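Work through the exercises below with the sequence and the model open. Try each task before you read its solution.

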Amino acid sequence: MFESLSDRLGKIFDGLRGRGALSEADTGAALREVRRALIEADVSLEVVRAFVEQVRVRAVGAEVTRSVTPGQQVVKIVHDELVKVLGETQVPIDFATTPPMTLMMVGLQGAGKTTLSAKLAKRMTERQGKKVLMASLDNRRPAAKEQLRVLGEQIGVATLPIIADEAPLDIARRAQREGKLGGYDVLILDTAGRTHIDDELMDETAAIKAATDPHEIILVVDSLTGQDAINVARAFDGRLDATGIALTRVDGDGRGGAALSMRAATGKPIKLIGTGEKMDALEDFHPSRIADRILGMGDIVSLVEKAAQNVSAEDAQKMAKKLKKGSFDLDDLRNQLLQMKKMGGMGALMGMMPGMGQMKKAMAGVNVDDKVFDRQVAIINSMTKAERANPDLLNAKRRIRIANGSGTRVEDVNKLMKQHRQMADMMKKVSKGGMGSLAGMFGGKLGGMMPDLGNMPSPENMDPKELERLARQMGIDPSMIPQQAAPPKDLSDKLPTDVGKLLKSGGPGLPGLGGAPRFPGLPGLGGGFVPKKK
């Protein structure tokens, strides 16, 4: 979803990073481009204005440390302000209440409330060990209750039995009784929606809230809605006082503006994002990680978490033993391919790795898709157990048989065998000589560039100029290397010396320190509270 915005911002910052010094005119021109990129990404205009103003204030008077260039400092400021707009800290679902914890899903029709309810129930059941009951309160959409029942059967979560022509309020009360009597930990109420906001919808939802007193009210918003998503969020939050927001269809090809606008406009945290159609395609919303993705810095933490969820400790230990021995057969390759597919495929993994945006585009340009994994797994499944354990058995006759059995061509089998051979050679080199010997791989290319890779000192102990030279030699942008900021010579340089300065340093965005709110219409950016409609 954030690819187009990430590309635009990447081009803007590439022009800044290489400069030794930035004038105020350079900063102004860059911020105009940032403003245009955000508006084209469907970010709310008032949020764009506030964001650019915050960046401008910080960039003009920024202290530039010796270890980074002014251009890199601007990129950091933009990153920090993006995190502020998105919410700074990750806010999880709150279970701290007497069971069953009632969670109410609200939003417009078609936003994905029913599917998100099932995804959340599956996640709570499998990861957090909760006993969950789901209930549909939607009497308007045909087969809405049946849809939730079917999803409940698929994921193994209980749903409230359907009674024909029962009013939503009666369903909610019955669900709460069943939740208490059945010993459930969580009760998820899937409310009805409309194609547009009207008084009838709001009155019905407000009545359900009053009757059930839900601990969590999650506003479900379609990320592809665009600018109107802000109006929807404010309308629901004004009547219901939502505790959090869930964004669906974040994997779509929309421009991502809703995610950047939602928290600033309502002051409510984004708690969840739906990243696909599958029942496990649901993630916690981490503002700093999303900011990293938008600015092309990758998301290594989420990548590690995905790996931990899809690779068992037992499998990891087996693989570690094989790596130590230097063995890597076709069964191992199949397991690796299946694990990569579970983690979202090559595109999703590369999107989380720093600096891999251009390579991801190159893959798309040559039509390399995740269906290749399916074909390769089919080829390996068409082999006998002996052939998978000993690939040297695969002569021409056997390869023709495997191609026919897997519905592929002999050329596909040959490509897979070449890929396996390269990976097996790499494993042997790693087991024998570590990273130093690995540098001699890939036709000596890495070996020629980094002959002393095995003896390379820690980056923290290297001279910055030498580190930058090595980075450029490897084709890496030096700005992607984490820098250590020089410590201040004197603590007084950083702290104001009197109370007046301290209060002034709080900034106008902190009403509690004597300043008026800078952006009164944006509670998420220090604009104070928005009065609720009764």
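Contact means heavy atoms within 4.5 Å. Helices (H or I, at least four residues) and strands (E, at least two) are DSSP runs, numbered from the N terminus. This is a predicted model: local features need pLDDT of at least 70, side-chain atom pairs count only at pLDDT 80 or more, and totals for chains, interfaces and linings use all residues. Residues are numbered from 1 along each chain as its sequence is written, and side-chain values use heavy atoms, with hydrogens and water left out.

**Exercise 1.** Describe how helix H14 packs on helix H17.

Solution.
- Find the helices. H14 covers residues 330-342 and H17 covers residues 371-381.
- Take the geometry. The angle is about 150° and the axes are 10 Å apart. Axes are lines fitted to C-alpha atoms, for helices over the stretch in contact, and angles run from 0 to 180 degrees between N-to-C directions.
- Classify the angle. Under 35 degrees counts as roughly parallel, over 145 as roughly antiparallel, 65 to 115 as roughly perpendicular and the rest as oblique. H14 and H17 are therefore roughly antiparallel.
- List the contact. Leu330, Leu333, Arg334, Leu337, Leu338, Met340 and Lys341 of H14 meet Phe373, Asp374, Gln376, Val377, Ile380 and Asn381 of H17.
- Sort by class. The contact has 8 nonpolar, 2 polar and 3 charged residues. Ala, Val, Leu, Ile, Met, Phe, Trp, Tyr, Cys and Pro count as nonpolar, Asp, Glu, Lys and Arg as charged, and the others, Gly among them, as polar.

**Exercise 2.** Do the same for helix H5 and helix H6, then place Lys122.

Solution.
- H5 (residues 113-128) and H6 (residues 144-155) pack at about 25°, with axes 10 Å apart. That makes H5 roughly parallel to H6.
- H5 brings Thr114, Thr115, Ser117, Ala118, Ala121 and Lys122; H6 brings Gln147, Leu148, Leu151 and Ile155.
- The classes are 5 nonpolar, 4 polar and 1 charged.
- Lys122 sits in H5. Its relative accessibility is 17%, so Lys122 counts as buried (under 20% relative accessible area; exposed is over 50%, partly exposed in between; 1.4 Å probe, protein chains only).
- Leaving aside neighbours within four places in sequence, Lys122 contacts Ile155, Val157, Met279 and Asp280.

**Exercise 3.** Trace the sheet and find its edges.

Solution.
- The open sheet has 8 strands in the order S3-S2-S4-S1-S5-S6-S7-S8, with mixed pairing. Two strands pair if DSSP finds at least two bridges between them.
- The edge strands are S3 (158-159) and S8 (282-284), each paired on one side only.
- Check one pair. S5 (residues 216-222) and S6 (residues 244-248) run parallel over 5 bridges. Val220 has Ala246 in S6 as its bridge partner.
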